[in-house]
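Got the model open on your screen? Let's take a walk through it together, one piece at a time.

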Amino acid sequence: MGRRITDLNSAEFAALFTGFEHTAYRLETLPWYGVGYEDESFRAFLAGEPLAADQAREEWTAMVRDAVADGKVFQRVHVITEPLSDYLRYELEWWYGPNTEAGEDIRILPVQPGRWPPLPRHDYWLFDSSDLWLMEYDRDGRFLFAEHVDDPAATIQHAYWRDAALHRAIPYADYARRIRLPAAS
């Protein structure tokens with residue numbers, strides 16, 4: 001393994017998303033992410049408040065929009081166990097909608113409990129099919145670190161898993177219509 005990034009707000013982590021040339025791909029496997037920048041908006045979601053301005057979301061969507069305008073591709077697959085938790089409904093409604101509007105290709109891979117697909121059970125980012133970063137979280141979904149992987153065989157395996165996940169997953173808009181998200185109705 002290579003170097004570690006322990007702060008999601010660091011310039012080093014941010015550079016991963018501006019430094020790639022062609023593609024950025026994320027596999028998400030957790031039912032909950034305990035990242036501090038979502039705490040306030042998640043509480044508002046649970047209280048039934050309307051979607052409000054959110055600096056973290058606006059910064060992300062602006063970055064995606066600029067990258068897509070430059071011909072880059074952002075993709076994400078989230079393996080989701082149904083029925084959906086409140087957190088997953090929040091993520092789908094308040095984050096994924098704006099992200100897809102900005103140009104991110106988000107897909108959902110719904111699974112039944114105990115029926116995990118032939119994919120890893122860990123999150124990762126893969127940039128340009130060659131720059132692999134494993135995302136480590138604790139049991140409560142709190143971010144611990146991102147670790148760069150220097151092993152070419154591991155990178156090839158994760159690229160294979162990316163392709164398999166993209167092939168199996170449902171585009172976000174189709175999934176949102178299927179489960180009747182308010183924004184998709």
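Which residues does Leu 92 touch, not counting residues up to four places away in sequence? Rotate the model until you find that side chain, then look around it. Leu 92 touches Ile 80, Leu 84, Gly 97, Ile 108, Tyr 172, Tyr 175, Ile 179 and Leu 181. Keep in mind as you look that this is a predicted model.

Leu 92 also belongs to a bigger story. The largest nonpolar core has 40 residues, and Phe 17, Phe 74, Leu 92, Trp 125 and Phe 127 touch the most other members. Helix α4 supplies the largest share of this core, seven residues. Apart from that core lies another one, made of 19 residues, including Leu 109, Leu 134, Trp 161 and Ala 169. If you're wondering about the general idea behind such groups, nonpolar side chains in soluble globular proteins tend to be buried together.

Now let's see what sits on either side of helix α4. Strand β3 covers residues 73-81 and strand β4 covers residues 105-111; the two run parallel and are joined by seven bridges. One example to look for is Arg 76, whose bridge partner in β4 is Ile 106. Put β3, helix α4 (residues 86-101) and β4 together, and you get a right-handed β-α-β unit.

Strand β4 has another partner too. Two bridges join β4 to strand β8 (residues 170-171), and this pair runs antiparallel. Here Ile 108 stands opposite Ile 170 in β8. You've met Ile 108 already, as one of the residues that Leu 92 touches.

Time for some charges. As a general point, side chains of opposite charge can pair when their charged atoms come close. How many salt bridges does the structure hold? There are twelve.

Start with Arg 26 and Asp 123, which form a salt bridge whose closest N and O atoms are 2.7 Å apart. Arg 26 lies in strand β2 (residues 23-28) and Asp 123 in strand β5 (residues 123-127), so this pair ties together parts that are 97 residues apart in sequence. Is Arg 26 buried or exposed? Its relative accessible area is 6%, so Arg 26 counts as buried. Asp 123 is buried as well, with a relative accessible area of 2%.

Arg 26 has other company. Its side chain makes a polar contact with the side chain of Tyr 137, at 3.0 Å. Leaving aside neighbours within four places in sequence, Arg 26 is in contact with several residues, among them Tyr 33, Gln 75, Arg 76, Val 77, Trp 125 and Met 135. Trp 125 may ring a bell from the largest nonpolar core, and Arg 76 is the bridge partner of Ile 106. Arg 76 also turns up in a network of salt bridges that links it with Glu 28 and Glu 104.

Next, find Glu 82 and Arg 178, a salt bridge with its closest N and O atoms 2.9 Å apart. This pair also links distant parts of the chain: Glu 82 sits in the loop between β3 and α4, while Arg 178 is in helix α6 (residues 172-178), 96 residues apart. Glu 82 is buried, at 14% relative accessible area, whereas Arg 178 counts as partly exposed, at 43%.

Finish back on strand β4. Arg 107 forms a salt bridge with Asp 105, and the closest N and O atoms are 2.9 Å apart. Asp 105 counts as partly exposed, at 24% relative accessibility.

Notes
Residues are numbered from 1 along each chain as its sequence is written. This is a predicted model: local features need pLDDT of at least 70, side-chain atom pairs count only at pLDDT 80 or more; totals for chains, interfaces and linings use all residues. Side-chain values use heavy atoms; hydrogens and water are left out. Two strands pair if DSSP finds at least two bridges between them. Helices (H or I, at least four residues) and strands (E, at least two) are DSSP runs, numbered from the N terminus. A crossover is right-handed if, with the strands pointing away from the viewer, the path from the first strand over the helix to the second runs clockwise. A nonpolar core is a set of buried Ala, Val, Leu, Ile, Met, Phe, Trp, Tyr and Cys residues joined through side-chain atoms within 4.5 Å. Buried means under 20% relative accessible area, exposed over 50%, partly exposed in between (1.4 Å probe, protein chains only). Contact means heavy atoms within 4.5 Å. A salt bridge is a side-chain nitrogen of Lys or Arg within 4 Å of a carboxyl oxygen of Asp or Glu. A polar contact is a pair of N or O atoms within 3.5 Å; within protein, one must be able to donate a hydrogen and the other to accept it, and residues adjacent in sequence count only if both atoms are side-chain atoms.
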